[in-house]
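Reader: Could you take me through this model, beginning with the terms you rely on?

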Amino acid sequence: MIKCSECGYENMDGLDYCDGCGAKLAATDAPTTTGAAAPEAPAPAPEAEKPAQAVPAEDAKASEAPTGEIKPQAEAPTEAPAAPAVAAAVAAFKARLKVVRGGRKDQEFPLEDGNNLVGRWDPETGAFPEVDLDADDPEAKISRKHALIRIAEGKITVEDIGSLNGTYVNRGTRLQPGSPVELKTGDEIIIGKTFLKLTIDPIS
């Protein structure tokens with residue numbers, strides 16, 4: 001039944017207008033029940049959550065702890081003590097080679113700390129050796145990478161590095177490639193047909 005909101009007349013279900021007053025039955029007019037029709041069953045209530053089971057005190061304490069492993073807080077990295085300053089192995093002297101025969105006589109080549117390549121300028125690579133004897137070797141008897149003079153740890157050594165015509169010290173036997181020989185002031189080094197004299201000047 002639908003009760004008319006204007007006159008209160010109870011109309012049969014399905015009518016659009018009231019039989020009592022002719023007023024339009026609004027959709028908001030509440031239907032009345034006579035008890036014949038069974039009320040619709042209420043929608044089932046959502047399943048109630050199961051009550052949480054009581055947790056023993058010991059387990060409760062354990063559950064409060066974070067699941068991840070607790071790592072001790074990392075201490076701020078401490079700077080390592082500075083290593084004692086190592087003095088650079090700079091020679092306390094200056095060394096030079098002078099052409100005494102077979103090239104530009106009295107031409108001098110100052111030697112640097114570390115490696116000094118002896119040879120000739122290489123036009124293919126554009127490499128200049130520290131001791132460039134290209135102008136002193138018109139017959140090309142000197143290899144482009146002929147020998148290596150090294151100043152380190154207060155010593156001067158010369159080493160042949162696979163030259164074609166060899167390296168000699170004080171007109172002795174030919175040096176074996178890869179076998180350095182220590183030099184002293186006044187020593188004579190023969191590279192191809194060029195004779196060089198080593199002079200060591202102490203730094204005052």
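Author: Certainly. Two strands are said to pair if DSSP finds at least two bridges between them. Helices (H or I, at least four residues) and strands (E, at least two) are DSSP runs, numbered from the N terminus.

Reader: Which residue stands opposite A95 in β4?

Author: L111 in β4 stands opposite A95, and P110 in β4 stands opposite R96. Four bridges join β3 to strand β4 (residues 108-111), and the two run antiparallel.

Reader: Before we continue, where does the model come from, and what was filtered?

Author: It is a predicted model, in which local features need pLDDT of at least 70 and side-chain atom pairs count only at pLDDT 80 or more, while totals for chains, interfaces and linings use all residues. Residues are numbered from 1 along each chain as its sequence is written, and side-chain values use heavy atoms, with hydrogens and water left out.

Reader: Back to β3 and β4. How many residues lie between them in the hairpin?

Author: Six residues lie between the two strands of that hairpin, and G102 in the turn has a positive phi of about 85 degrees.

Reader: And which sense of pairing do β3 and β12 show?

Author: Strand β3 (residues 93-101) pairs with strand β12 (residues 194-202) in the antiparallel sense over eight bridges. The bridge partner of F93 in β12 is P202.

Reader: What is the strand order of the open sheet?

Author: Its five strands are ordered β4-β3-β12-β11-β9, with antiparallel pairing. β4 and β9 (167-169) stand at the edges with a single partner strand each, so one side of each has no neighbour in the sheet.

Reader: Changing topic: which residues touch the most other members of the largest nonpolar core?

Author: They are L97, L111, L133, I149, I156 and I191, in a core of 22 residues. A nonpolar core is a set of buried Ala, Val, Leu, Ile, Met, Phe, Trp, Tyr and Cys residues joined through side-chain atoms within 4.5 Å; buried means under 20% relative accessible area, with a 1.4 Å probe and protein chains only. The largest share of this core, four residues, comes from β3.

Reader: What does L111 touch?

Author: Leaving out residues up to four places away in sequence, L111 touches A95, R96, L97, N116, V131, I149, I151 and L198. Contact here means heavy atoms within 4.5 Å.

Reader: Lastly, what share of the chain is buried?

Author: Buried residues make up 25% of the 204 residues in the chain.

Key: Buried < 20%, exposed > 50% of the residue type's maximum accessible area, 1.4 Å probe, protein only.
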